[in-house]
Structure formats: C-alpha cells, structure tokens
Amino acid sequence: MSAIPETPWQGAWRRLISRPGSLVSIVFLAVLILLCVLGPLVWPYTESMQELERAASPPSWQHWLGTDSLGRDLAVRVLKGGQMSLLVGCVATLVAVVIGVSYGLVSGLASQRVDAAMMRFVDILYAFPFMVFVILLTVMFGRSLWLLFAAIGAVEWLTMARVIRGQVLALKKLEFITAARASGATTGQILLRHLLPNVAGVIVIYASLTVPGVMLLEATLSFLGLGVQPPNASWGVLISEGAAAMQATPWLLIGPAALFSATLIAMNTLSDALRDALDPKSMTE
Amino acid sequence: MLRFLISRLSQGIAVIIAVIVLTFLMLKAAPGSPYDKERGTSAVAKERLDELYGLNKSVPEQLMLHLAKYARFDPGPSDRYKGQSVTDIIASSFPVSAAFGLPALLLAIGLGVPLGALAALKPGSLEDRAAMLFATLGICAPSLVLGPVIAMTFGLKLGWFNVAGWYDSDDWVLPALTLGLIYAAYVARLTRGGLRETLAKDFIRTARAKGASEGAVVFRHAFKLACLPLLNFLGPAAAGLLTGSFVTEIVFQIPGLGQHLVNAAINRDYALASATAAFYAAMIVVFNLLVDVVQALLNPRIGFQQS
C-alpha cells in the first residue's frame, strides 16, 4: 500500500507497462519514431544521393537495407518514408478525432430529435463505399498532401462519433451531471469540465485504433499511385516500388514491407493493451 | 416481413441516390475536365463538346439529367474509352473481379469460422493462441504486403502460377489466396469473440443441463447467436470482395472493377468513376439487405419489426 493513492491515469500507465507485449510495442514505436525523425539528419547518405557503381546491391554493411536500381540507399528512404507515413497517421487521426468527438458530444447532448437525425446521417455515411470516396477525393484535391490528410481524417471519424455519443448518453444520466446543473453550470462548462475528462480514456483508445487504420489507408492510396507521389517516399510508395522490382531486387520489397507490418503489429498490440488498461470499469477500481 | 423489406429497400435506394448525387457534386467541384489533355482544342470545338456532354446547362439541371440516366440504368459512354458504354465496361469487368472474389470469400469463411470456433472452445489453449496469432498476422499483413509476398513466393520462387496477369485458367488462385487469408483472419477473430460471449450465456447452460450433446450446444444453439457480429462484417465484406479489391487487382494486374475505378480516377473518366461508385453502393446495399434478412431469420428477437 503506497501512502499516496495513484490517479486513474497513473494506474492505467502501470497496467500498460506491466504487460510485456505492450512494453515491447512502446519501445519499438519510440525507437522507430526517434529513428525516423533524427535518423536522416545523421545518416551518411541522403535520400537523393546516387551511387551508380553500387546500384541494385543487396543489404551490406554500407547499406543496411540495400540500394535500388538508381543507387539510392534504401535505409534512409525508409526513414524518410516513415516520417511521411507517421505524419499522415498522426495528422489524419487528429482530424478524425476532432470531428468525431465534437460530433459525438453534440449529438449526445442534443435533443432526442436532433440526436436521431445526426445518427441517421452517420448510418447513411457508414453505408458509403469509402475507398471509392477517398479515391474520388484524391481526384478532387489534386493529390495535394495536406488535403489528403484532411480527406482521410474526414472519412475516419464515424466510429469515434458513435462511441462518444454512446458514452455521453450514459454519462448525462448520472448524478454528478445533475448536481453540476443544479449548481448552475452552463452546458459548455458541463461539456468541457465534466464530460470531456470522462470520455478522455475512450478517445485515447479509439485514437490509438485509428492511427494504424489511417496509416494503412495512406499506404494503400500511395500504393495505388493516388497518395504520396515519388520521388517523395512513404512506406506505401516504397512497397509499391519494391513490388514492381521484386524479381531483380527483392530486398526493396522485403525491407519496407516487413517494417510496415511490424509497425502495424506494434500499434495494434498497443491499442489492445490501452483498451484493457484504460477500460472505464477499471478506471474506478 | 414485407413491410420490413420495403422499408429497408427504400433506405437502400436513398443511400444509392445519395452516393450518385455526392459523386456528381464532387466531380463537378474537381478542377479540370475530361478533355483538358487534348491540346489545341479551339473555342468552337470546346463549345460543341460542352453542348454534346450537356456541360453548358446549369448544375441542378445537369444533376437531374444525370439522375435520369441512372434511373434508366444507362449512365452513357465512358469519357476515356471512346465508343464503350460504362455499362459494358462494368458488365465485362465485374465477372473478372467476382471470379477471384468468390473463392476468396469461401476460403475466408471455410478457414476463419473453424479456426475461430476452435479458439473459442478451448480458451487459453495452444490452438487458441495459434488461431489468434494467425488473426493478428492477417490484420498486420494487409494486401499491399501479403499480395507481393505471395506473388514472389508462389509465382517467382516456386513458379507454380503466373506472377501477374489474367491469361491462364488458374490465375484466380493467388489473388484469391491473398484476399482469403486476410479476410479469414477477421472472420476467425469475430467468430471467436461471438462464440465465447454466447457460450457464457444462461440458455447455453440450460441446453447443457437438459443433456444436449456438445456438438448440438455449439452448432444448434450457440452458433445462431454467435454469428450475428460475423454476419454484420460479412455483408459489406462480401460486397467488397465480389466487386474487387483495388490493391489486389493492381498487384496481380487483373482487369477487374477495382482497377477500372482507380484508372478512372487517375484518367478523370468521370462517367466511369461515378457509375462504378454507384455500382459499389448498390452492391453494399444489396448485401446489407441480405444480412438483415438472415439476421432476422436467425434471431427472432431482432425480428422484422425494426425500421
């Protein structure tokens, strides 16, 4: 028994790092992010540097992941591509979270009629063929990167809105909300001071689920030639280039594909662990 | 029953109309036009083209004409492939997509359901862990990773199949394997979750208490309820599989519907893009309707009443 009781967030963190799987995932992702952000600054090669005499060479001590047919070092391109993929993952998730949380909060607090209409709208959007829409959005936005982030984010918010609305509906019946109202709190205050902190755990869980989903969507779009455009790299671009050249230079496919899969595994493991650690029921234990 | 069907069907039609209107407005808002790339188009020729394609009318008028075309199931000619109607392109590429999508769907169910059931019946066992490891791998090796890896292994290294293309009668195998394995992973996960939750319920204890055999308990009693979340997933999944997966069709260079949509987007073939979008929406609506009916049949508590 410690003298100072831990806060719910401290408890969640303790539960999170007590699982070996999630600890490994956290370390892996932290190292990956550090490498992607700082690595290209200190790497002996740049992503556009060409060594034609060493073109298309398999992994070696000089080039850990090998070089492509233009003599570019794959490792630094993977790190640069990782910057792009992680950036898309985070920015688009942020867009999705902001839209989804605001929509869910408003819908949950609004009158029954407005709520029903807002949720019917979400139901209709759920039935839309999403990949088709994202592909059409990329046509509309002329493959501009920032608008692509927004497009992916604008597509990924639906589940978040549904979940947050469900939480608000359950929370707003509880006594502490009634007490807050009785003591004269405005709807805005109730929203920010009482509801938002209580759904924060759920937001973190769903955001952590959205990041790998968004990264997969970006990789898919880039793979199809509709996302990040070469010579800029993202993991989708690199996997696509590797797949095109897999007969002569299979390492160009294997390296980026393995790293992308490992990242997805780590993110999914982490979000599973977050769900267990942040489960609202265990928050109150 | 009839009322339920009519209500669901009209909802579905509303969704399809919404998709058609939204794609139309999106493509209107997109910069550029289908004949931008043809250089040296004179002002007179442009005017004639605008007139031919009805681009000189107001946007609401164009929208109404557009909807009228779809109501007659004739979206008109492709903007890109001269002389081919959009309907013909879809009619010729849909069977190609379905030819590997259907085996993929069967593989996903045939592999995923037994694996998930096995895992659910022996929680914590080696089988359970192995099945869940498989499910995780399926989720973390998306088609853009698994597709090239399968093509490299079975096409290049082993030489059992063509690496890519749509020439031989067995060219459906590798794309079907790619998609089937990925979807099997999701199916296994959902089956395990649904079955474990159901097996803990009171009516299962009752069934066991009255002496039903383990097989009857699992397959006659539990599975009916346990497969509801799976069915929810399978509706849109089946629609997506049959209409082709974009990545798989690009990896294996298959002239299916997915490849046509991606190319239509890249080529600014508006007619083909919006018709394909509408077709996708229609497929999703049809399969969701099927799922609703099957669910209502399986679980009388859901029934046909809800609108």
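This tour visits two helix pairs in chain A and then the contact between chains A and B. The model is predicted.

**First stop: α1 and α11 of chain A**

Begin by selecting residues 8-17 of chain A, which form helix α1, together with residues 251-278 of chain A, which form helix α11. The axes of these helices come within 8 Å and cross at roughly 135°. The crossing angle is why α1(A) counts as oblique to α11(A). Of the contact residues, six are nonpolar, none is polar and one is charged. The crossing of α1(A) with α11(A) is right-handed. To view the contact itself, display A:Ala12, A:Arg15 and A:Leu16 on α1(A), which meet A:Ala273, A:Leu274, A:Ala277 and A:Leu278 on α11(A).

**Second stop: α7 and α9 of chain A**

Next, select helix α7 of chain A, residues 158-171, and add α9(A); their axes come within 10 Å and cross at roughly 145°. This crossing of α7(A) and α9(A) is right-handed. On α7(A), show A:Thr159, A:Met160, A:Val163, A:Ile164, A:Gln167, A:Val168 and A:Leu171; on α9(A), show A:Leu195, A:Asn198, A:Val199, A:Val202 and A:Tyr206, since these residues make the contact. They divide into nine nonpolar, three polar and no charged residues.

**Third stop: chain A against chain B**

Finally, display both chains: 32 residues of chain A are in contact with 36 residues of chain B. On the side of chain A that touches chain B, the elements giving two or more residues are α5 (130-140), α9 (187-223), α10 (235-244) and α11. Colouring this side of chain A by residue class gives 24 nonpolar, eight polar and no charged residues.

Notes. Residues numbered from 1 in each chain as written. Chains lettered and ligands numbered in written order. Predicted model: local features only at pLDDT ≥ 70, side-chain atom pairs only at ≥ 80, totals over all residues. Axes fitted to C-alpha atoms, helices over the stretch in contact; angles between N-to-C directions. Helix = DSSP H or I, 4+ residues; strand = E, 2+ residues; numbered from the N terminus. Parallel < 35°, antiparallel > 145°, perpendicular 65-115°, else oblique. Left-handed = near helix turned anticlockwise from the far one by under 90°. Contact = placed C-beta atoms within 7 Å. Nonpolar A, V, L, I, M, F, W, Y, C, P; charged D, E, K, R; others polar.
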